[in-house]
Amino acid sequence: MRTQEVFKAISDPTRRKVLKLLQGGSKSAGELAEAFDITKGSLSHHFNVLKAADLVRCERRGQQIVYSLNTTVFEDVAAVLLDLFKVAKGNGESS
């Protein structure tokens with residue numbers, strides 16, 4: 001897993017909004033663009049960061065590019081965070 005890329009990707013509010021929008025299911029780049037007041041070039045940059053972190057998948061369907069969440073990466077990140085903040089067994093103190 002690319003932990004650094006994931007944290008970089010989710011550090012930006014625009015990218016977090018893209019991820020939130022994709023929770024409802026796959027969406028085309030055009031559908032996602034309607035939710036933002038930024039240039040297509042800027043939005044494309046955000047998509048590329050999300051793809052580099054493997055948080056989203058994209059596929060071409062005719063003339064459209066359709067994005068969807070890669071839930072496997074979210075599960076991996078959750079596991080990393082749980083391990084990072086787990087409580088030591090027995091004494092109740094953080095490790």
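**Close-up views of a predicted model**

**View 1. D54, a partly exposed loop residue.** In this predicted model, D54 counts as partly exposed, because its relative accessibility is 34% and partly exposed residues fall between the buried limit of under 20% and the exposed limit of over 50%. The residue belongs to the loop that runs between helix 4 and strand 2 (56-61). Although D54 is not a glycine, its phi is positive, at about 65 degrees.

**View 2. G24, an exposed loop residue.** G24 is situated in the loop between helix 2 and strand 1 (27-28). Its relative accessible area is 69%; G24 is therefore exposed, since the limit for that class is over 50%. Between G24 and S68 the sequence separation is 44 residues, while the C-alpha to C-alpha distance in space is 9.4 Å.

**View 3. R15, a buried arginine without a salt bridge.** R15 is part of helix 2 (residues 13-22). The residue is buried but forms no salt bridge. D12 provides the nearest side chain of opposite charge, at 4.3 Å; this separation does not meet the salt-bridge criterion, because that criterion requires the charged atoms to be within 4 Å. The side chain of R15 does reach the backbone oxygen of A9, at 2.9 Å. When neighbours within four places in sequence are set aside, the contacts of R15 are K8, A9, H45, H46, V49 and L50.

**View 4. The largest nonpolar core.** This core comprises 17 residues, and the members that touch the most other members are V18, L50 and L55. At least two core residues come from each of helix 1 (3-10), helix 2, helix 4 (40-52) and helix 5 (71-84). Helix 4 supplies the largest share, namely four residues. Not counting residues up to four places away in sequence, V18 touches L32, F36, F47 and L50. L50 also appears among the contacts of R15.

**View 5. The three-stranded open sheet.** The sheet is open, with its three strands in the order 1-3-2 and antiparallel pairing. Strand 1 and strand 2 are the edge strands, each pairing on one side only. Strands of a sheet pair through backbone hydrogen bonds, in either a parallel or an antiparallel sense. Two bridges join strand 1 to strand 3 (residues 64-69) in the antiparallel sense. Opposite S28 stands V66, a residue of strand 3.

Terms used: Residues are numbered from 1 along each chain as its sequence is written. This is a predicted model: local features need pLDDT of at least 70, side-chain atom pairs count only at pLDDT 80 or more; totals for chains, interfaces and linings use all residues. Side-chain values use heavy atoms; hydrogens and water are left out. Buried means under 20% relative accessible area, exposed over 50%, partly exposed in between (1.4 Å probe, protein chains only). Lys and Arg count as positive and Asp and Glu as negative; His and the chain ends are not counted. A polar contact is a pair of N or O atoms within 3.5 Å; within protein, one must be able to donate a hydrogen and the other to accept it, and residues adjacent in sequence count only if both atoms are side-chain atoms. Contact means heavy atoms within 4.5 Å. A nonpolar core is a set of buried Ala, Val, Leu, Ile, Met, Phe, Trp, Tyr and Cys residues joined through side-chain atoms within 4.5 Å. Two strands pair if DSSP finds at least two bridges between them.
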